[in-house]
Amino acid sequence: MTKIAPSILSADFSILKEEIMDVEKGGADYIHVDVMDGQFVPNITIGPLIVKSIRPVTDLPLDVHLMIENPDRYVQQFADAGATIISVHQEACVHLHRTIQLINRAGVKSGVVLNPATPVETIKPILPEVDLVLLMTVNPGFGGQTFLDMVLPKIKKVAEWKKELGLSFEIEVDGGVNPETAPLCMEAGANVLVAGSAVFNKNDRAKAIQTILNP
Ligand SMILES: O=C(CO)[C@H](O)[C@H](O)COP(=O)(O)O
Ligand SMILES: [Fe+2]
């Protein structure tokens, strides 16, 4: 069963609680939280304080996507704030394996993220230690960008390795996912779809979610 993780990046932050409750009621599986530091990516968004405030608002897992330099500094704070999954960019980690161990030891699920131009071979050695592999289908930093189909062979490759190695991590895609691009991701082997604008920019979120999952 494919899961959907609406990204609150495209929500109305003045009514964030209602926005989260609306997508939960509409069939969301995870709430995707985009953390940006203005260094790793040009944009600045939210930190552990907001994660802590939204934790009691929903029963859904909080899927925290860290787009920050040197994420080791903040893993514990996000874990304490109530993150369910903490994902870090391969490109932001000098010692990726150590960072993944840090997340696992913090008692939360761990994820590794790759930018569109980063080869999947760079994460093969750590696959047995992660709960999630997130393949960016846009360059990170902003919502509402166009899906990059050059990432599809990377999804297929990771799905092949998952099978070959008998592993159970989830394969998530993020960026430009909508009813047209979702089937391509699912066909390639993704089982978690992040969608920001394609969910929050629609009035009927339940319908938007259903249309992405069953286009
Ligand atoms: O990580 C992200 C951007 O860096 C967001 O999760 C992503 O862009 C979601 O927005 P959309 O679905 O509108 O592309
Ligand atoms: Fe994201």
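This passage describes the sheet of a predicted model, a helix that packs across it, and the surroundings of ligand 1.

The mean pLDDT of the chain is 98, with 100% of its residues at 70 or more. For the complex, the predictor gives an ipTM of 0.98 and a pTM of 0.98.

Eight strands make up an open sheet, and their pairing is parallel. Read across the sheet, the order of the strands is S1-S8-S7-S6-S5-S4-S3-S2. Strand S1 (3–6) and S2 occupy the edges; each has a single partner strand, so one side of each is left without a neighbour in the sheet. From one strand to the next, the twist averages 25°.

Within this sheet, strand S7 (residues 170–174) pairs with S8 in the parallel sense, over three bridges. Asp-174 has Val-194 in S8 as its bridge partner. Helix H5 (residues 152–165) lies across S7 and strand S6 (132–136), and the helix runs at about 170° to S7.

Around ligand 1 there are 22 residues, of which Ser-7, Pro-140, Gly-143, Gly-196 and Ser-197 come nearest. Two or more residues of this shell are given by each of strand S2 (31–36), strand S8 (192–195) and helix H7 (197–200). By residue class, the shell around ligand 1 divides into twelve polar, eight nonpolar and two charged residues. Strand S8 thus appears in both parts of the description: S8 pairs with S7 in the sheet, and S8 also gives residues to the shell around ligand 1. Strand S2, likewise, stands at an edge of the sheet and gives residues to that shell.

Note on methods: Residues numbered from 1 in each chain as written. Chains lettered and ligands numbered in written order. Predicted model: local features only at pLDDT ≥ 70, side-chain atom pairs only at ≥ 80, totals over all residues. Near = placed C-beta within 6 Å. Helix = DSSP H or I, 4+ residues; strand = E, 2+ residues; numbered from the N terminus. Nonpolar A, V, L, I, M, F, W, Y, C, P; charged D, E, K, R; others polar. Pairing = 2+ DSSP bridges. Axes fitted to C-alpha atoms, helices over the stretch in contact; angles between N-to-C directions. Contact = placed C-beta atoms within 7 Å. pLDDT = per-residue confidence, 0-100.
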